[in-house]
Amino acid sequence: MTKYRKTGRALTAGAALLGALALSGPAHAADRTSILAYGAYTRAQAVSYGANGAVRVCDVHADGYGVAVHYYRKVGNRQTLSDSKGNGTCSETTDIQSNPITLFTACVVIDSVDYCNTSYADTGR
C-alpha cells in the first residue's frame with residue numbers, strides 16, 4: 001500500500017508538471033522600442049515585438065523629415081527600412097521569425113542622411 005501512495009504522488013506531480021508545461025506556450029522575446037528625439041519632440045519610433053521577426057518604424061512628428069530604422073537580423077548584414085510618407089505613418093519589415101531582428105535603432109532622414117540613435121536596442125534574440 002505504501003508503494004501505491006508513492007507512485008500516486010509521483011504520477012500526480014508528473015501530471016501537474018506536464019499540465020504547467022502545456023499551458024505555458026512557446027517562449028517569446030519581449031517588445032523593444034528605440035526612440036529618436038531632437039529638441040523637445042520625439043521624431044521617430046522603431047518597435048520590434050512578439051517573436052521579433054519584424055521591426056516597424058513610425059514618423060511621429062510633423063516636421064517634414066522622413067524616418068528610418070537600421071537593423072540587424074540574426075543572420076545577415078545591417079539593413080535599412082525607410083518611411084517618407086509623413087507624420088503618423090509607419091513602415092514594417094517582412095516578418096521572418098526564423099531569422100529574427102537582433103538589434104535596431106530609430107533614425108530621422110534629413111537631406112538623404114540618416115541621423116540615428118547612437119545606441120541600438122537589443123531584442124535578446
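Me: Let's start with C107 and C116. Which hand does their disulfide have, and what do I look at to tell?

Reply: This is a predicted model, so keep in mind that every value here is computed from predicted coordinates. For the hand of a disulfide, look at the torsion about the S-S bond. Between C107 and C116 that torsion is about 100°, so the disulfide is right-handed. The two sulfur atoms of C107 and C116 sit 2.1 Å apart.

Me: Are the two cysteines of that bond, C107 and C116, buried or exposed, or something in between?

Reply: Take them one by one. C107 has a relative accessibility of 0%, so C107 counts as buried. C116 comes out at 23%, and it therefore counts as partly exposed. The cut-off to keep in mind is that buried means under 20% relative accessible area.

Me: How many disulfides are there by this rule?

Reply: The count is two. Besides the bond from C107 to C116, there's a disulfide between C58 and C90, with the sulfur atoms 2.0 Å apart. This pair ties together distant parts of the chain: C58 belongs to strand β3 (residues 55-59) and C90 to strand β6 (residues 90-92), and they are 32 residues apart.

Me: And which hand does the C58 and C90 bond have?

Reply: Read it off the torsion again. For C58 and C90 the torsion about the S-S bond is about 110°, so this disulfide is right-handed. As for cover, C58 is at 11% relative accessibility and so counts as buried, while C90, at 34%, counts as partly exposed.

Me: What is the pairing if I number the bonded cysteines in sequence order?

Reply: For the protein chain, that gives 1-2, 3-4.

Me: Okay, on to aromatic rings. What describes a pair of them?

Reply: Two things do the job: how far apart the ring centres are, and the angle between the ring planes. Searching the whole structure turns up one aromatic pair. In that pair, the rings of Y72 and Y120 have centres 5.8 Å apart and planes at 55°, so the pair is tilted.

Me: Where along the chain do Y72 and Y120 sit?

Reply: In distant parts, 48 residues apart. Y72 is in strand β4 (residues 66-73), and Y120 is in the loop between β8 and β9 (121-122). Y72 has a relative accessible area of 29%, so it is partly exposed. Y120 counts as partly exposed too, with 32% relative accessibility.

Me: What about charges? When can side chains pair up?

Reply: Side chains of opposite charge can pair when their charged atoms come close. In this model the count comes to two salt bridges. One of them is between the side chains of R43 and D63, at 3.1 Å from N to O. It links distant parts of the chain, with R43 in strand β2 (residues 41-48) and D63 in the loop between β3 and β4, 20 residues apart. R43 has 14% relative accessibility, so it counts as buried.

Me: Which side chains meet in a salt bridge at 3.6 Å, N to O?

Reply: Those of K85 and D83. Have a look at their cover: K85 counts as exposed at 57% relative accessibility, whereas D83 is buried, with a relative accessible area of 1%.

Me: With which side chain does H70 make a polar contact?

Reply: With the side chain of R78, at 3.1 Å. H70 lies in strand β4, and its relative accessible area of 6% makes H70 buried.

Me: How far apart are Q45 and C107, in sequence and in space?

Reply: This is a nice one for comparing two kinds of distance. Q45 and C107 are 62 residues apart in sequence, yet 8.1 Å apart in space, going from C-alpha to C-alpha. Q45 belongs to strand β2 and is partly exposed, its relative accessible area being 28%.

Me: Last one: which residues form a nonpolar patch on the surface?

Reply: Y38, V113 and Y115 do, and together they have about 250 Å² of accessible area. Y115 is in strand β8 (residues 113-116). With a relative accessible area of 37%, Y115 is partly exposed.

Technical notes:
Residues numbered from 1 in each chain as written. Predicted model: local features only at pLDDT ≥ 70, side-chain atom pairs only at ≥ 80, totals over all residues. Heavy atoms only, no water. Patch = residues over 30% accessible without salt bridge, like charges linked within 9 Å, V, L, I, M, F, W, Y side chains within 5 Å. Areas by Shrake-Rupley, 256 points an atom, 1.4 Å probe, with all protein chains shown as cover. Salt bridge = Lys/Arg side-chain N within 4 Å of Asp/Glu carboxyl O. Helix = DSSP H or I, 4+ residues; strand = E, 2+ residues; numbered from the N terminus. Buried < 20%, exposed > 50% of the residue type's maximum accessible area, 1.4 Å probe, protein only. Disulfide = S-S within 2.5 Å. Phe/Tyr/Trp six-rings, centres within 6.5 Å; stacked < 30°, edge-to-face > 60°. Polar contact = N/O pair within 3.5 Å; in protein donor to acceptor, adjacent residues only side chain to side chain.
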